[in-house]
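Here are my notebook entries from a first look at this protein. Have the structure open while you read along.

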Amino acid sequence: MNFLIYVGEGLKIAFQALRSYKMRSTLTTLGVVIGVTTVITIVTLVQGLNTAFKSELSSIGTNTLYINKYPWVIMSQEEWIRVRNRPNITMQEAEKIKDWSQYAAAVAPTLDTRRNAKYRERSIKDVSIIGTTADYLLTSNTFPEKGRFLSSVDVDHRRAVCVLGQDVVDELFPYTDPLGKRVNLGDVISP
C-alpha cells in the first residue's frame with residue numbers, strides 16, 4: 001500500500017513540475033523526439049547501404065575470379081606508370097586457363113574500348129564497347145532483355161554481331177525495334 005502512495009506522490013510532483021516549467025518540458029520532449037528520429041534514420045540508412053552493397057557484390061558473383069592487366073583502383077601517377085606496360089592477356093592465355101582449370105565453369109576474356117555508335121542519322125559519342133565470348137553471359141550474370149546473347153558460333157566465325165545496352169537502345173532506337181538492325185561501332189558495321 002505504501003508503494004502505491006509513493007507512486008501517486010511521484011506522479012503528482014512530476015505533473016506539477018511539467019505544468020510549472022512548460023517551456024523546459026517542451027524542449028526536453030522535442031530533444032528526445034529529434035534524438036530518437038535521428039537514431040532511427042541513421043540505422044535505416046546503414047541497413048539500406050549494407051543491402052545495396054551486398055546486392056552489388058552478389059551481382060558480380062561469389063564464385064567469379066577477375067584477372068586484369070590493371071588493378072581496379074589506381075591511386076597515383078606512379079602506379080599507373082608501373083602497370084601500364086604490363087602485357088595484355090591474350091586469347092591463347094584465356095583458353096589455357098579454361099583448359100587447365102579444374103573448377104572453372106566458364107572463362108570470358110574481355111577487351112574494352114570506347115567508340116562512337118551510329119544508326120542511320122542518330123549517333124552517340126564515346127560508347128563503352130566490350131568484346132568478349134559467349135561465356136561472358138555466365139561470368140557477368142547479365143542477361144539480355146530482348147533477343148539473345150553471343151553464341152560460340154558467333155565467336156568462332158567472328159560474326160559481326162553485338163548486344164546493345166538499354167541506354168544505347170534508348171538513344172539510337174527510340175521508335176524502332178533494334179533487333180536485326182545494322183549499327184556502326186566506330187569503323188565496324190554490324191550486319
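Which residue forms a salt bridge with Arg148? I looked it up and found Asp154, with the closest N and O atoms 2.8 Å apart. A reminder to myself before going on: this is a predicted model.

**Entry: around Asp154**

I followed Asp154 further and found a salt bridge with Arg159, where the closest N and O atoms are 2.6 Å apart. Through shared partners, the salt bridges join Arg148, Asp154 and Arg159 into one network. Next I checked how accessible each member is. Asp154 counts as buried because its relative accessibility is 3%, under the 20% cut-off. Arg148 is partly exposed at 48%, and Arg159 is partly exposed too, with a relative accessible area of 42%. My general note here is that side chains of opposite charge can pair when their charged atoms come close.

**Entry: another salt bridge**

How many salt bridges does a search of the whole structure find? I noted 5. One that I looked at pairs Asp135 with Lys98, their closest N and O atoms being 2.7 Å apart. Asp135 sits in the loop between E2 and helix H5 (136-140), while Lys98 belongs to helix H4 (residues 91-100), so this pair ties together parts 37 residues apart in sequence. Asp135 is buried, at 15% relative accessibility, and Lys98 is partly exposed, at 37%.

**Entry: the nonpolar core**

Which residues make up the largest nonpolar core? I listed 8: Ala117, Tyr119, Ile124, Val127, Val168, Leu172, Phe173 and Val183. Strand E1 (111-119), strand E2 (122-131) and helix H7 (166-172) each give two or more residues to this core. I then picked Ile124 and looked up its contacts. Leaving aside residues up to four places away in sequence, Ile124 touches Asn116, Ala117, Val168, Glu171 and Leu172. In soluble globular proteins, nonpolar side chains tend to be buried together.

**Entry: a loop glycine**

Is Gly180 buried or exposed? Gly180 counts as exposed because its relative accessibility is 72%, over the 50% cut-off. I placed Gly180 in the loop between H7 and strand E3 (184-185). From Gly180 to Asp154 I noted 14 Å, C-alpha to C-alpha, with their positions 26 residues apart in sequence.

**Entry: confidence**

Last, I looked up the pLDDT. The protein chain averages 84, and 94% of the residues score at least 70. Among the chain's elements, H7 has the highest mean pLDDT, 89, and strand E4 (residues 188-189) the lowest, 60.

Terms used: Residues numbered from 1 in each chain as written. Predicted model: local features only at pLDDT ≥ 70, side-chain atom pairs only at ≥ 80, totals over all residues. Heavy atoms only, no water. Core = buried A, V, L, I, M, F, W, Y, C linked by side-chain atoms within 4.5 Å. Buried < 20%, exposed > 50% of the residue type's maximum accessible area, 1.4 Å probe, protein only. Helix = DSSP H or I, 4+ residues; strand = E, 2+ residues; numbered from the N terminus. Contact = heavy atoms within 4.5 Å. pLDDT = per-residue confidence, 0-100. Salt bridge = Lys/Arg side-chain N within 4 Å of Asp/Glu carboxyl O.
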